[in-house]
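This report walks through one protein chain, from its overall form to single residues. Please keep the sequence and the structure in view while reading.

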Amino acid sequence: MSTPQVERAEREAFEEERARFWAERDRYREFFHFAPVGYCATDAVGVVREANETLGAMLGVAPNLLVGTPLSACVAEADRPDFRRRLLRLGGEEPEQSWELRLGRRRSERFWGEVTVARARTALDGGDLLWAV
């Protein structure tokens with residue numbers, strides 16, 4: 001093969017790989033946002049970085065409005081001390097936890113939900129938490 005043919009073949013291979021990457025990314029993004037379980041990602045102190053549609057519906061708020069909000073704001077006041085205590089333990093002794101607590105926004109009705117939280121294995125800063133409700 002001549003140099004232009006090699007370059008064209010490499011470029012085509014690169015474009016095919018890039019298309020596969022974006023298709024896979026879109027598939028996982030759709031899975032996250034439209035899963036039948038409430039999901040969110042927070043920083044190490046529980047501030048929401050991303051939330052899915054199901055969690056937004058459960059809490060009665062658009063998912064984009066949860067971004068930047070402490071997840072504890074969605075926890076019943078009586079359950080917040082336990083929530084914070086468990087959040088602190090995720091630092092080392094318990095890398096994953098599940099428990100029940102009351103959730104909901106201020107003006108919406110509270111409900112009992114089971115939450116499971118774990119540290120993200122791929123977090124660059126080591127602080128991301130993944131939540132399922």
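The text below covers the fold, the surface, the nonpolar core and a few selected residues.

## Overall form

The model is predicted. Four helices and five strands make up the secondary structure of the protein chain. Read from the N terminus, their order is α-β-β-α-α-α-β-β-β.

How does the radius of gyration of the protein chain stand against that of a compact globule of 133 residues? The chain has 20 Å, whereas such a globule would have a value near 14 Å. The C-alpha trace spans about 75 × 35 × 20 Å along its principal axes.

Sequence separation adds to this picture. Take the contacts between residues at least 6 apart in sequence: 36% of them join residues at least 24 apart.

## Surface and charge

Of the 133 residues in the protein chain, 35% are buried. The chain exposes about 8800 Å². Carbon and sulfur atoms supply 53% of that area. The chain carries 20 positive and 23 negative charges. The mean positions of the two sets lie 6 Å apart.

## The nonpolar core

The largest nonpolar core holds 20 residues. Which of them touch the most other members? They are Leu-59, Leu-66, Phe-83, Trp-99, Leu-101 and Trp-131. Six elements each give two or more residues to this core: β2 (48–51), α2 (53–59), α4 (80–89), β3 (96–103), β4 (111–119) and β5 (129–132). Strand β3 gives the most, with three residues.

Phe-83 is a good place to look closer. Phe-83 sits in helix α4. Is Phe-83 buried or exposed? Its relative accessible area is 3%, under the 20% limit, so Phe-83 counts as buried. Leaving aside neighbours within four places in sequence, Phe-83 is in contact with Leu-71, Ser-72, Val-75, Trp-99, Leu-101 and Trp-131. One of these partners is Leu-101, 18 residues away along the chain. The C-alpha atoms of Phe-83 and Leu-101 are separated by 8.2 Å.

Trp-99 has its own set of partners. Not counting residues up to four places away in sequence, Trp-99 touches Asp-82, Phe-83, Arg-86, Gly-113, Glu-114, Val-115, Val-117 and Trp-131. Phe-83 and Trp-131 are thus among the contacts of Trp-99.

## The loop between α3 and α4

Three residues of this loop deserve a look: Thr-69, Leu-71 and Ser-72. The loop runs between α3 (63–66) and α4.

Thr-69 has a relative accessible area of 15%, so Thr-69 is buried. Its contacts beyond four places in sequence are Gly-46, Val-47, Val-48 and Arg-105.

Leu-71 is buried too, with a relative accessible area of 10%. Outside its neighbours within four places, Leu-71 is in contact with Cys-40, Thr-42, Gly-46, Val-48, Phe-83 and Trp-131. Gly-46 and Val-48 also appear among the partners of Thr-69. Leu-71 and Ala-120 are 49 residues apart in sequence. Their C-alpha atoms are 17 Å apart in space.

Ser-72 counts as buried, at 12% relative accessibility. Which residues does Ser-72 touch, not counting those up to four places away in sequence? The partners are Arg-80, Phe-83 and Arg-84.

## Accessibility along helix α4

Helix α4 holds Phe-83, and also Asp-82 and Leu-88. The table sets these residues beside the loop residues.

| Residue | Place | Relative accessible area | State |
|---|---|---|---|
| Thr-69 | loop between α3 and α4 | 15% | buried |
| Leu-71 | loop between α3 and α4 | 10% | buried |
| Ser-72 | loop between α3 and α4 | 12% | buried |
| Asp-82 | helix α4 | 26% | partly exposed |
| Phe-83 | helix α4 | 3% | buried |
| Leu-88 | helix α4 | 72% | exposed |

Why does Asp-82 count as partly exposed? Its 26% falls between the limits of 20% and 50%, so neither of the other two states applies. Asp-82 is nonetheless one of the residues that Trp-99 touches. Asp-82 and Tyr-39 are 43 residues apart along the chain, and their C-alpha atoms are separated by 20 Å.

Leu-88 has 72% relative accessibility; the cut-off for exposed is over 50%, so Leu-88 is exposed. From C-alpha to C-alpha, Leu-88 and Cys-40 are 18 Å apart. In sequence, 48 residues separate Leu-88 and Cys-40.

Definitions and conventions: Residues are numbered from 1 along each chain as its sequence is written. This is a predicted model: local features need pLDDT of at least 70, side-chain atom pairs count only at pLDDT 80 or more; totals for chains, interfaces and linings use all residues. Side-chain values use heavy atoms; hydrogens and water are left out. The radius of gyration is taken over C-alpha atoms; the globule rule is 2.2 Å times the number of residues to the power 0.38. Buried means under 20% relative accessible area, exposed over 50%, partly exposed in between (1.4 Å probe, protein chains only). Contact means heavy atoms within 4.5 Å. Accessible areas come from the Shrake-Rupley method with a 1.4 Å probe; for residues, only the protein chains shown count as cover. Lys and Arg count as positive and Asp and Glu as negative; His and the chain ends are not counted. The place of a charge is taken as NZ of Lys, CZ of Arg, CG of Asp or CD of Glu. A nonpolar core is a set of buried Ala, Val, Leu, Ile, Met, Phe, Trp, Tyr and Cys residues joined through side-chain atoms within 4.5 Å.
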